[in-house]
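Visitor: I have this one open on my screen and would like to talk it through with you. Could you take me around, beginning wherever you like?

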Amino acid sequence: MKKLRIIAILGIAMLSFNSMNAQSDAATTKKETINSSDKQPEKIVYKNIDYYIIDGVWYAKIKKRFVLRTAPKGAKLKNVPKGGENVVMAGVKYYKLNGVFYKKSKGGGYEVARP
């Protein structure tokens, strides 16, 4: 009975680790795509690349598919996506959503930042 309990605990721990690891891998190594969305994406052009933001997640359109991309540092937006939080790091105010930091731009609006 004790061995069965240990095996069950190890199995649950491995499943939890794998699901957490899969989420981080999706953003870094695997090119996740979506084919459609009910939401209208916000389009940003930065360094001649068309980026689309849906619920604070950044994509680039490649052959009729939206491919997950890292938000490019310096990209400017008129408004930040909803659902984030205000944070202060080293005395600088940022808005953070889905691991992306935004700071107010001198010319108005916001830009992607790396604190």
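**A walk through the model**

Guide: Glu-111 and Lys-76 form a salt bridge, in which the closest N and O atoms are 3.4 Å apart. Glu-111 belongs to strand 10 (residues 110-113) and Lys-76 to strand 6 (residues 76-77), so the pair ties together parts that are 35 residues apart in sequence. Please keep in mind that this is a predicted model.

Visitor: Is Glu-111 buried or exposed?

Guide: Glu-111 counts as buried, because its relative accessibility is 18% and the cut-off for buried is under 20%.

Visitor: And how many salt bridges are there?

Guide: The count comes to two salt bridges. Besides the pair of Glu-111 and Lys-76, there is a salt bridge between Asp-50 and Lys-43, whose closest N and O atoms are 3.7 Å apart. Asp-50 is partly exposed, with a relative accessible area of 33%, and Lys-43 also counts as partly exposed, at 48% relative accessibility.

Visitor: Back to strand 6 for a moment, then: which strand does it join, and over how many bridges?

Guide: Strand 6 is joined to strand 10 by two bridges, and the two strands run antiparallel. Within that pairing, Leu-77 stands opposite Tyr-110 of strand 10.

Visitor: What sheet do they sit in?

Guide: They belong to an open sheet of five strands, with antiparallel pairing and the order 6-10-9-8-7. Strand 6 and strand 7 (85-89) stand at the edges with a single partner strand each, so one side of each of these strands is left without a neighbour in the sheet.

Visitor: Okay, changing topic: what do strands 2, 3 and 4 do?

Guide: Strand 2 (residues 42-46) pairs with strand 3 (residues 49-54) in the antiparallel sense, over five bridges, and strand 3 is joined in turn to strand 4 (residues 57-62) by four bridges, again running antiparallel. For the register, Glu-42 has Ile-53 of strand 3 as its bridge partner, while Ile-54 has Val-57 of strand 4.

Visitor: What about the turns of those hairpins, which residues have a positive phi?

Guide: In the hairpin of strand 2 and strand 3, which has two residues between the strands, Lys-47 in the turn has a positive phi of about 50°. The hairpin of strand 3 and strand 4 likewise has two residues between the strands, and there Asp-55 takes a positive phi near 55°.

Visitor: Does anything else bring Asp-55 into the picture, say, which pocket does it line?

Guide: Asp-55 is one of the residues that line the second largest pocket, which has a volume of about 210 Å³. The lining also includes Glu-42, Ile-53 and Ile-54, together with Gly-56, Asn-79, Val-80, Pro-81 and Lys-82, among others. By class, the lining has five nonpolar, three polar and four charged residues.

Visitor: How far is Asp-55 from Gly-84?

Guide: The C-alpha atoms of Asp-55 and Gly-84 are separated by 10.0 Å, and the two residues are 29 residues apart along the chain. Gly-84 is found in the loop between strand 6 and strand 7, and at 30% relative accessibility Gly-84 counts as partly exposed.

Visitor: Now the rings: how many aromatic pairs are there?

Guide: The structure holds three aromatic pairs. In one of them, the rings of Tyr-51 and Trp-58 have their centres 5.8 Å apart and their planes at 70°, so this pair is edge-to-face. Tyr-51 and Trp-58 are both buried. In another, the rings of Tyr-95 and Tyr-102 have their centres 6.3 Å apart and their planes at 50°, so that pair is tilted.

Visitor: Are Tyr-95 and Tyr-102 buried or exposed?

Guide: Tyr-95 is buried, with a relative accessible area of 12%, and Tyr-102 counts as buried at 0% relative accessibility.

Visitor: Last one, to place all this: how many helices and strands are in the protein, and what share of the residues counts as buried?

Guide: The protein has one helix and ten strands, and read along the sequence these follow the pattern α-β-β-β-β-β-β-β-β-β-β. Of its 115 residues, 28% count as buried.

Definitions and conventions
Residues numbered from 1 in each chain as written. Predicted model: local features only at pLDDT ≥ 70, side-chain atom pairs only at ≥ 80, totals over all residues. Heavy atoms only, no water. Pairing = 2+ DSSP bridges. Phe/Tyr/Trp six-rings, centres within 6.5 Å; stacked < 30°, edge-to-face > 60°. Buried < 20%, exposed > 50% of the residue type's maximum accessible area, 1.4 Å probe, protein only. 1 Å grid on protein atoms, 1.4 Å probe; cavity = no way out; pocket = protein on both sides within 12 Å on 5 of 7 lines; lining within 4 Å. Points joined across faces, edges and corners; volume = space filled by probe spheres on them. Nonpolar A, V, L, I, M, F, W, Y, C, P; charged D, E, K, R; others polar. Salt bridge = Lys/Arg side-chain N within 4 Å of Asp/Glu carboxyl O.
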